[in-house]
Amino acid sequence: MCSCCRRPCHILLPLLLPLLPLLFLYPSAAPRVKRPAPLPLRFRYDGTFKILQVADMHFGNGLITRCRDVELSEAAWCSDLNTTRFLKRMIQAEDPDLVVFTGDNIFGSSATDAAESLFQAFRPVMESRTPWAAILGNHDQESTMTRGELMSFISLMDYSISQVNPSTVEPTKIDGFGNYDVTVKGAFGSELSNTSIFSLYFLDSGDREMVNGFKTYGYIKESQLAWLRRTSQELQANFQAPALAFFHIAIPEVRDLWFKEFIGHYQEGVACSSVNSGVLKSLVSMGDVKAVFLGHDHLNDFCGEIDGIWFCYGGGFGYHGYGRAHWPRRARVISASLRRGKRNWLGIEAIRTWKRLDDGKLSKIDDQVLWRDDEVEGLD
Ligand SMILES: *[C@@H]1O[C@H](CO)[C@@H](O)[C@H](O)[C@H]1NC(C)=O
Ligand SMILES: *[C@@H]1O[C@H](CO)[C@@H](O)[C@H](O)[C@H]1NC(C)=O
């Protein structure tokens, strides 16, 4: 053991020996390090990459936290553990490459200890060893942690690829916590195996704001949009990768979909900020974002297209969040698939989405194509 340091050992050993019993007194004193997700993320050999979106888990204290808006006959035997069970079943059924939690992961006012609730809420995804990313909603910080503390904590959990904020921007120069991007590389063995061919943007849409003396919901600020536009430009300089964006609170334009076309349910008013900070304008100008995934309004699970970009709600997932009896809790799945070239996989050919209901058979509904490329870039 000490072959390379004979002399120091002779000095140190007598000093260390008395400490030895401590090892037995504290058998679990070994430092617990984060289990990292295998990065970079990449497409599978079969040319697919699948994301599970979990919107609004609203996790509280677990077994003692009751379900809201379930049938009376089911209320007595329903708790946060039903949310846990649904998450486990979804991960098992879809076997996603990434799970994205789009905010209100914990319901602060029902969570006595934020850390404990986070551990319980994210346990199924950590146990599955699936890489996962989370952003914050408007309720996460209502317990014992600030938004900054929550994002740092979440970024340190097993298999989490969440980040507090981009390392390329000074912390004081960007609003919010949980603005970051993640890229996905091509399949192993293909010409694009070292190229980022799919971009994922995560943004903090805040909680609440006072605007001209009126209380309204949070919104994405110019500092965040500036970072987003710059990042998109840098990524696209390397490769014209299609992108997806994830944030919790919708933007005002989503309201207009009521008068247009949408796929899914539009059952409640879009609860967003009275401020229009120009998110849509930025996304359109970037050109790479094909779809945006939202949470917050649990009774909405629709997708609708605005200026060439799809806006899709996840639909409420958690049993402690408000919902509707007889309208099962649900989750969204997003799947990207590559174009098959003559000799190897090329860039992304199509992006689809569907939802699954927490009924007996995890019914699959509203399968639709969000984007399809006619000319895929790449060598063949
Ligand atoms: C909650 O879980 C229990 C036990 O697994 C199950 O019997 C019950 O039907 C579930 N309730 C709902 C509303 O899904
Ligand atoms: C990807 O990078 C690895 C390591 O640098 C290299 O060995 C491999 O040839 C590269 N593959 C392609 C397709 O460029």
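**Exercise 1. The ligand shell**

Which residues surround ligand 1?

Solution. First, the ground rules. This is a predicted model: local features need pLDDT of at least 70, side-chain atom pairs count only at pLDDT 80 or more, and totals for chains, interfaces and linings use all residues. Residues are numbered from 1 along each chain as its sequence is written, while chains are lettered from A and ligands numbered from 1 in the order in which they are written.

Step 1. Collect the residues near the ligand, where near means a C-beta atom, placed from the backbone, within 6 Å. The shell of ligand 1 consists of V70, E74, W77, C78, N82 and R85.

Step 2. Sort them by class. Ala, Val, Leu, Ile, Met, Phe, Trp, Tyr, Cys and Pro count as nonpolar; Asp, Glu, Lys and Arg count as charged; the others, Gly among them, count as polar. The shell around ligand 1 then splits into three nonpolar, one polar and two charged residues.

**Exercise 2. The seven-stranded sheet**

Find the strand order of the open sheet of seven strands, and its edges.

Solution. Step 1. Fix the terms. Helices (H or I, at least four residues) and strands (E, at least two) are DSSP runs, numbered from the N terminus. Two strands pair if DSSP finds at least two bridges between them. Strands of a sheet pair through backbone hydrogen bonds, either parallel or antiparallel.

Step 2. Read the order. It is 1-5-6-9-10-12-11, with mixed pairing. Strand 1 (41-42) and strand 11 (303-306) are the edge strands, and each pairs on one side only.

Step 3. Check one edge. Strand 11 runs antiparallel to strand 12, joined by four bridges. E305 has W310 in strand 12 as its bridge partner. The two strands form a hairpin with two residues between them, and D307 in the turn has a positive phi of about 50 degrees.

**Exercise 3. Around A245**

Trace the surroundings of A245 in strand 9.

Solution. Step 1. Look to one side. Strand 6 (residues 196-202) and strand 9 (residues 243-246) are parallel, with four bridges. Y201 stands opposite A245.

Step 2. Look to strand 10. Strand 9 pairs with strand 10 in the parallel sense, again over four bridges. Here the partner of A245 is V292. Strand 10 (residues 289-294) is mostly covered, with six of its six residues buried. A residue is buried if 20 or more other C-beta atoms, placed from the backbone, lie within 10 Å of its own, exposed if 12 or fewer, and partly exposed in between.

Step 3. List the contacts, meaning C-beta atoms, placed from the backbone, within 7 Å. Beyond its neighbours within four places in sequence, A245 touches Y201, L203, L283, V289 and V292.

Step 4. Place A245 in the core. A nonpolar core is a set of buried Ala, Val, Leu, Ile, Met, Phe, Trp, Tyr and Cys residues joined through C-beta atoms within 7 Å. The largest has 92 residues, and A245 is among those with the most contacts inside it, along with V54, V99, L244 and A291.

**Exercise 4. The six-stranded sheet**

Why is one side of strand 4 and of strand 15 left without a neighbour in the sheet?

Solution. Step 1. Six strands form this open sheet, in the order 4-3-2-13-14-15, with mixed pairing.

Step 2. Strand 4 (132-135) and strand 15 stand at the edges with a single partner strand each, so one side of each has no neighbour in the sheet.

Step 3. Move inward. Strand 2 (residues 48-54) and strand 13 (residues 330-340) run antiparallel, joined by six bridges. K50 stands opposite S335 in strand 13.

**Exercise 5. Backbone exceptions**

Locate a cis peptide bond and two residues with positive phi.

Solution. Step 1. Recall the rule. Most residues other than glycine have a negative phi, and most peptide bonds are trans.

Step 2. A cis peptide bond joins L39 and P40, with omega about 0 degrees. P40 sits in the loop between helix 2 (20-25) and strand 1.

Step 3. D104 has a phi near 50 degrees. This residue lies in the loop between strand 3 (98-102) and helix 5 (114-127). D104 counts as buried because 27 C-beta neighbours lie inside 10 Å.

Step 4. L362 also has a positive phi, about 50 degrees. Its loop runs between strand 14 (345-357) and strand 15 (364-372). L362 has 17 C-beta neighbours inside 10 Å, so it counts as partly exposed.

Conventions:
Two residues are in contact if their C-beta atoms, placed from the backbone, lie within 7 Å.
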